[in-house]
Amino acid sequence: MQLTQKQRQYLRKTAHNLKPIVQIGKNGITDQTIAAIDQVLITHELIKVKFNDVQDEKQELSESLADRTGSALVYVIGNTVILYRESPDPDLRSIILPI
C-alpha cells in the first residue's frame, strides 16, 4: 500500500496519542507476533509497535512487518513504528485518508 506524503502526515498526527499495542523483543518477529498485529489492524487500522532489544535492525524489521501484515509503514520514530491498514469492512473504518 502506497501512501502520499499528505496521508502520512495525517496518519502521524492521528497516531500521536496512541500507545504501542505490540512490543517486539529480542526474539524478533515471530508468527505469533504477525498474527497479533494482523488481528489488531483489523479493528484499529492504525497502530504503534515498539521495539525492545532490536534497535539496530528496526528499519528492516519495520519493513518486514509491513510486508508480512499487508499494511503501510507510516513512520519509524525512535524505537516505535506506526503501521496502517484500511479495514476490509466499510462499517469498521474509522480513518478517512485525505486525498
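On one side of helix α1, Gln5 and Lys13 are exposed. The buried residues of this helix, which spans residues 5-15, are Gln7, Leu11 and Ala15. Because these buried residues cover an arc of only 65 degrees around the axis, they lie on the same side of α1, and Gln5 and Lys13 are on the other side. The buried residues of α1 pack against β2, β3 and β4. The model described here is predicted.

**The sheet**

The strands that α1 meets belong to an open sheet of four strands, arranged in the order β1-β2-β4-β3 with mixed pairing. Its edge strands are β1 (22-24) and β3 (72-77), each of which pairs on one side only. From one strand to the next, the twist averages 25 degrees. Strands of a sheet pair through backbone hydrogen bonds, in either a parallel or an antiparallel manner.

Strand β3 and strand β4 (residues 80-84) run antiparallel and are joined by five bridges. Within this pairing, alanine 72 stands opposite tyrosine 84 of β4, and tyrosine 75 has isoleucine 82 of β4 as its bridge partner. The hairpin of β3 and β4 has two residues between the strands, and glycine 78 in this hairpin takes a positive phi near 60 degrees.

Threonine 80 is found in strand β4. With a relative accessible area of 15%, threonine 80 is buried. When neighbours within four places in sequence are left aside, threonine 80 is in contact with Lys48, Val49, Lys50 and Tyr75.

**Helices on the sheet**

Helix α2 (residues 31-44) lies across β1, β2 (46-51) and β4, and runs at about 150 degrees to β2. Helix α3 (residues 58-69) also packs on the sheet, where it touches β1, β2, β3 and β4; its direction makes about 160 degrees with that of β3.

The length of α3 can be checked against expectation. At 1.5 Å a residue, its twelve residues should span 16 Å, and this agrees with the 16 Å that separate its end C-alpha atoms. In α3, Leu61, Ser62, Leu65, Ala66 and Thr69 are buried. These residues cover an arc of only 140 degrees around the axis, and therefore lie on the same side of α3. Glu60 and Asp67, on the other side of α3, are exposed. The buried residues of α3 pack against β1, α2, β2, β3 and β4. Just after α3, glycine 70 takes a positive phi of about 70 degrees.

Leucine 61 illustrates the buried side of helix α3, in which it is placed. Leucine 61 counts as buried because its relative accessibility is 14%, under the 20% limit for burial. Residues up to four places away in sequence not being counted, leucine 61 touches Ile29, Phe51 and Val54. Between the C-alpha atoms of leucine 61 and valine 81, which are 20 residues apart along the chain, the separation is 9.6 Å.

**Nonpolar cores**

In soluble globular proteins, nonpolar side chains tend to be buried together. The largest nonpolar core of this model has 17 residues, and those with the most contacts inside it are Ile37, Ile47, Val49, Phe51, Leu65, Val81 and Leu83. At least two residues of this core come from each of β1, α2, β2, α3 and β4. The greatest contribution is that of α2, with four residues.

Isoleucine 47 touches Ile21, Ile37, Val40, Leu41, Val81, Ile82 and Leu83, residues up to four places away in sequence not being counted. Another core, of nine residues, lies apart from the largest one and includes Leu3, Leu11, Ala72 and Ile82.

**An exposed residue after the sheet**

Isoleucine 96 is placed in the segment after β4. Isoleucine 96 counts as exposed because its relative accessibility is 65%, over the 50% limit for exposure. The C-alpha atoms of isoleucine 96 and leucine 18 are separated by 17 Å, the two residues being 78 apart along the chain.

The table sets out the relative accessibility of the three residues discussed individually above.

| Residue | Relative accessibility | Class |
|---|---|---|
| Leucine 61 | 14% relative accessibility | Buried |
| Threonine 80 | 15% relative accessible area | Buried |
| Isoleucine 96 | 65% relative accessibility | Exposed |

Conventions: Residues numbered from 1 in each chain as written. Predicted model: local features only at pLDDT ≥ 70, side-chain atom pairs only at ≥ 80, totals over all residues. Heavy atoms only, no water. Pairing = 2+ DSSP bridges. Axes fitted to C-alpha atoms, helices over the stretch in contact; angles between N-to-C directions. Contact = heavy atoms within 4.5 Å. Core = buried A, V, L, I, M, F, W, Y, C linked by side-chain atoms within 4.5 Å. Buried < 20%, exposed > 50% of the residue type's maximum accessible area, 1.4 Å probe, protein only. Expected span 1.5 Å × (residues − 1). Arc of directions from axis to C-beta.
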